[in-house]
Structures are given as C-alpha cells and as structure tokens.
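Please follow this walk through a protein model from its charged pairs to its helices and its surface, keeping the sequence and the three-dimensional view side by side as you read.

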Amino acid sequence: MSKGVVYLVGAGPGDPKLITVRGLEAIKRADVVVYDRLASPRLLRHMKPGAEKIFVGKLPDKHMLKQSEINQLLVDLALQGKIVTRLKGGDPSVFGRVGEEAELLAENEVAFEIIPGITSAIAVPAYAGIPVTHRDFTSSFSIVTGHEYKNKTYNGVNWENLSQASGTLIFLMGVANLEFICNKLIEGGKTTSTPVALIRWGTWMDQETITGTLTDIVEKVRVANFKSPAVIIVGEVVKLRDKLAWFEKKPLFGKRILVTRARSQASELSNLIEDLGGEAVEFPVIRIQATSQAAARTALGDALQRLEDFDWVIFTSVNGVDHFFEAIREQQIDIRRMYKAKIAAVGPKTSEALRSRGLLVELLPSKFHGDELLASVTEQLKPGQQVLLPTADIAKEYIPARLRELGLQITEVDVYETVLETSGGTEIIEMLEQKVLQIITFTSSSTVTNLFHALKELGVDHPLELIKDCQIACIGPMTAQTAIEAGLTIDYLAEEATVESLVASLYKN
C-alpha cells in the first residue's frame, strides 16, 4: 500500500472565510480531517462525501489526546494510504506545535506540507479595532506565549528586555497567567498605565473585548469572568480601539442564525448573514430534486410535448425555473416551441433566472400571494387562455384555483419535489438545547414543516418546546402562516420575497 500525505493546515483565527485558498483545497481533498476546537467547525462543510473527521481538541483543563498521540495518529493514517488534513486554529507554526508533528512524519518518511494560516496574534486584534502596528505608536511587535512549556530546553522569556521594548506585545494562551504577565512587565519597567486589551473568541460571533491597564486589567477580567481562549495585547495601539472597532458594530454581530434552506441555496442567505456580522448555522431540512413520481413525470412530459399550446407560463420560484429547463433538456425539447407563450415570474430572483436563459418577463408581481398576483394577472390574462404552471409537489392550491375561477385553462405540473433532510441534525439539537441559537429563518412553507418533521425523526418528541426561545423570521405571508399554524410567533417578516429583504428585516425591526 502506498503512503498517503499529510497537510498541516492553519485554519485561521475562527472566521471560516479567513482560511487560505490552499488550506481549503486540502480540506476538500482529505480522506480524513483531524481538527481541534479552535478551527471553525463550519470549515468541515467543505469535506468531500464519505470523508472521516476526528476531533482531537484541547480544552484548558482537558486534552482529548496527548500531543504525542496526535503525532502518531497522523503517521498511522498516512501509512494507511490516506490523504490527511490536520486542521489547526490560527497558524500552525505560531505555538501550534506543527514542528513536532512534522518531525515524526519526516522520521517515518511520510510526505507532508505545511500550509500557513492567518495567525490569531494579528487577526484577532484587527477584528477588535487594534492594529498591532501604527506609525504614530510603534513599528514593531512581539508574539509571546502566555503559557510556557514546563520542560523546555531553551531559555525562558526575558521579561526585562520584553518590558523595555517599545513595540506592541501580544500574548497567546495567557489568560490563566494574566496576573503573572502584568506583574513581570511592571517589574521589568513597563509603566502601570500601559493600555491592555483581552479579546476572547476573536473573529467569531462570540467575540468579546475588555480593556484596561497593567494595574487594573486583572481585576476587570476577574469581575467579568473573562475566560480563554483570548489574545492579550499590551501597548499604546490599544487606544485605537474606540475609534477603529468595526466588527462588533456590524448590525447582526452576536446573532447566531439557523438557515433551514435547501443546501443548494443556503449559501446565498448564509453569506448575507455573515457579511453583516452574524453567524449562519446551516441545517438544510429540505433537499430539492426533480420530481420522481411516475404520474407527475408523465403529466410533465405531456405538458412539455405541447408547449406551443400555452399562452402564458407562470414561474413561481427559481427552483421551478431550474427544474423546468432540466426537464426540457432531458426530453430534448426545442424551447422555440414555446414561441407563443408570454412569461410571468414571481419575484426578481425568478425573473433573473429566466433572463439568464434568454427569456424576458412580461409580468412580474412581487408576491405569489392573494390579491396582488390576481390583480396583476386579471389585467393581462384573458378567460380561455392556456396557462402552464410549473411548481413543486407541495405547492399551495389556492392560486391555481382562483385562476381557474377567472376562466383560465390551468395546467399545473410538478417539476420538482422537496425531500426531508436530517443530516447534521444532532448538532443542531444540541445547540437548541444549549440555547445558543437566537433566530431561525424560514424561506418557504416546506422549510417550516420539514424542520418539525426532521426534529421528530431525530427523536425530539416536542419540537415546538425545543425552539420556543428562538425568534422566527419568514419570507412571505404564506410561509409565516404555516409557521403560525405550527404554533410559532413571527418576529421578522420580509417585506419582499427575497433573502436580502429577509436579512434586512433582522436588523431593521
């Protein structure tokens, strides 16, 4: 059996978008990802199907595995011929013990690659509005371990030289030793009024910052019960925080938001949330796929064979557009047969999906709901006209029924169906039980019903009780009505049928 390869990857300080392109490639290639607690679990979304993940995280008072055991684990996995990605928080070369892991790999003639990451020593202060250098304050900085290895073979920190250095001092892993660090710096000559900042869970949604001086920071940390992991910054640049703090001022900062949208569409909503400082937790409770029912496929095929008969085609979603054209491709139907039909689309996203396929929309109601749509179609559609309505298998019957009342000949076909998805649900249940999710978003009625079904399938007897403390955000009145019928209270309702409107409602209300 040929040997595998080990990628020793810096995951960055926490924000999953701060990983390097090369690091992300290593995650995607891996057969096994060995990760610790400071590497964002959201990076694991990029693992290929079937890849194994092994948690070897270390808590301040508890190690899952000793470092020597982690070193040997990497060797053993590689000797099995696997591609292994060792995912470490920050940069693996900055107090990440990557040298020890690489040494054992080299001794066993296992190929490896060290992929640097953005170190928390620089990124975390930046996210708190503290650049580690500034032309008005300092042109140098030092990175120091706040927790020295007891049996080291080298000389320890020279506190006197460090104290008299003019640059910024950055201590990693030093919260437990904060009083010792402050005392040593004062003894070495630092003025007692020297500014100090501690940043906990920097670049994460949970980021907290506390500031003071060498004389009072220890008491402030004690009173605030400020725990690790945190970066300690000592120096005049700390004074810039009041002016330059930016991350914590984002409108969704501190909000952990559950995205229940289908995986193929979740990234758009997740990116908007994260751009505004929130943390998107994806739990796609629906999977969207082409309709699989024989009768539905037959009806769809029959409708596509007579495209030239239709006066109008009304698309109600991007999914409807995508799967309609997929069906046309599968059946090798010439789209030019739809020459007579005018196009109606519900919402700008649906219109854009049609425009990208070379079809312009004649009718664009903003909502597929009640009076607005009916008023729009009544003005342009005439009794007796043939209308094709490609929808989902669970589409509401209200609108087709009303259109028939207007004398229109409606052909309603299922072009896609939604399937219950439960993968990743165990972690979501734990987060709900720990009450660390603040908001749940619903983008369709099916996301509401499927969340309840998914939780029940995963063993939750009373889903409503589990999610009652979360605020609820919905796109559209139909989705909101489904949520209300399920026993939920709506806290945020998008003004328009777009994810942009949904996200805006989260901080404008």
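In this predicted model, the side chains of Glu208 and Arg200 meet in a salt bridge, with a distance of 3.4 Å from N to O. The two partners do not sit in equal surroundings, because Glu208 has a relative accessible area of 39% and is therefore partly exposed, whereas Arg200, at 19% relative accessibility, counts as buried. The cut-off for being buried is under 20% relative accessible area, and that is why the value of 19% places Arg200 among the buried residues. As a general point, side chains of opposite charge can pair when their charged atoms come close.

A second pair to look for is Asp311 with Lys340, a salt bridge in which the closest N and O atoms are 3.7 Å apart. Asp311 belongs to the loop between H10 and strand S16 (312–315), while Lys340 belongs to the loop between H11 and strand S17 (342–345), so this pair ties together parts of the chain that are 29 residues apart in sequence. Here too a buried residue meets a partly exposed one, since Asp311 has a relative accessibility of 18% and counts as buried, while Lys340, with a relative accessible area of 39%, is partly exposed.

Lys468 and Glu465 provide a further example, for their side chains meet in a salt bridge at 2.8 Å from N to O, and Glu465 is partly exposed with a relative accessible area of 48%. Salt bridges can also share partners, and in this way Arg261, Glu268, Lys349 and Glu500 are joined into one network. In total, the structure holds 31 salt bridges.

The loops of Asp311 and Lys340 lead us to the helices beside them. Helix H10 covers residues 294–304 and helix H11 covers residues 318–330, and their axes come within 11 Å and cross at roughly 75°. Because of that angle, H10 counts as roughly perpendicular to H11. If you look at where these two helices touch, you will find Arg297, Leu300 and Leu304 on the side of H10, meeting Phe324, Ala327, Ile328 and Glu330 on the side of H11.

H11 also packs against helix H12 (residues 348–355), at an angle of about 25° and with the axes 8 Å apart, which means that H11 is roughly parallel to H12. In this pairing, Val318, Val321 and Phe325 in H11 meet Lys349, Thr350, Ala353 and Leu354 in H12. Lys349 is a residue to remember from the earlier paragraph, where it appeared as a member of the salt-bridge network.

Let us now turn to the surface, where Phe95, Ile122, Phe141, Ile143 and Met173 form a nonpolar patch with about 400 Å² of accessible area together. One of its members, Phe95, lies in the loop between strand S6 (83–88) and helix H3 (98–107), and its relative accessible area of 35% makes Phe95 partly exposed. Leaving out residues up to four places away in sequence, Phe95 touches Ile143, Val144, Thr145, Leu172 and Met173. The C-alpha atoms of Phe95 and Val144 are separated by 9.1 Å, although these two residues are 49 residues apart along the chain. Met173, another member of the patch, is found in the loop between strand S9 (168–172) and helix H6 (178–187), and with a relative accessibility of 46% it counts as partly exposed.

Another phenylalanine, Phe137, is placed in the loop between helix H4 (120–127) and strand S8 (141–145), and at 33% relative accessibility Phe137 counts as partly exposed. When its neighbours within four places in sequence are set aside, Phe137 is in contact with Glu236, Val237 and Leu240. From Phe137 to Ala224, by contrast, the C-alpha distance is 29 Å, with their positions 87 residues apart in sequence.

Finally, step back to the protein as a whole, whose secondary structure comes to 19 helices and 22 strands. Its C-alpha trace spans about 90 × 60 × 45 Å along the principal axes, and of its 509 residues, 51% count as buried. Among contacts between residues at least 6 apart in sequence, 68% join residues at least 24 apart. The protein exposes about 24,100 Å², of which carbon and sulfur atoms supply 50%.

How values were computed: Residues numbered from 1 in each chain as written. Predicted model: local features only at pLDDT ≥ 70, side-chain atom pairs only at ≥ 80, totals over all residues. Heavy atoms only, no water. Patch = residues over 30% accessible without salt bridge, like charges linked within 9 Å, V, L, I, M, F, W, Y side chains within 5 Å. Areas by Shrake-Rupley, 256 points an atom, 1.4 Å probe, with all protein chains shown as cover. Salt bridge = Lys/Arg side-chain N within 4 Å of Asp/Glu carboxyl O. Helix = DSSP H or I, 4+ residues; strand = E, 2+ residues; numbered from the N terminus. Buried < 20%, exposed > 50% of the residue type's maximum accessible area, 1.4 Å probe, protein only. Axes fitted to C-alpha atoms, helices over the stretch in contact; angles between N-to-C directions. Parallel < 35°, antiparallel > 145°, perpendicular 65-115°, else oblique. Contact = heavy atoms within 4.5 Å.
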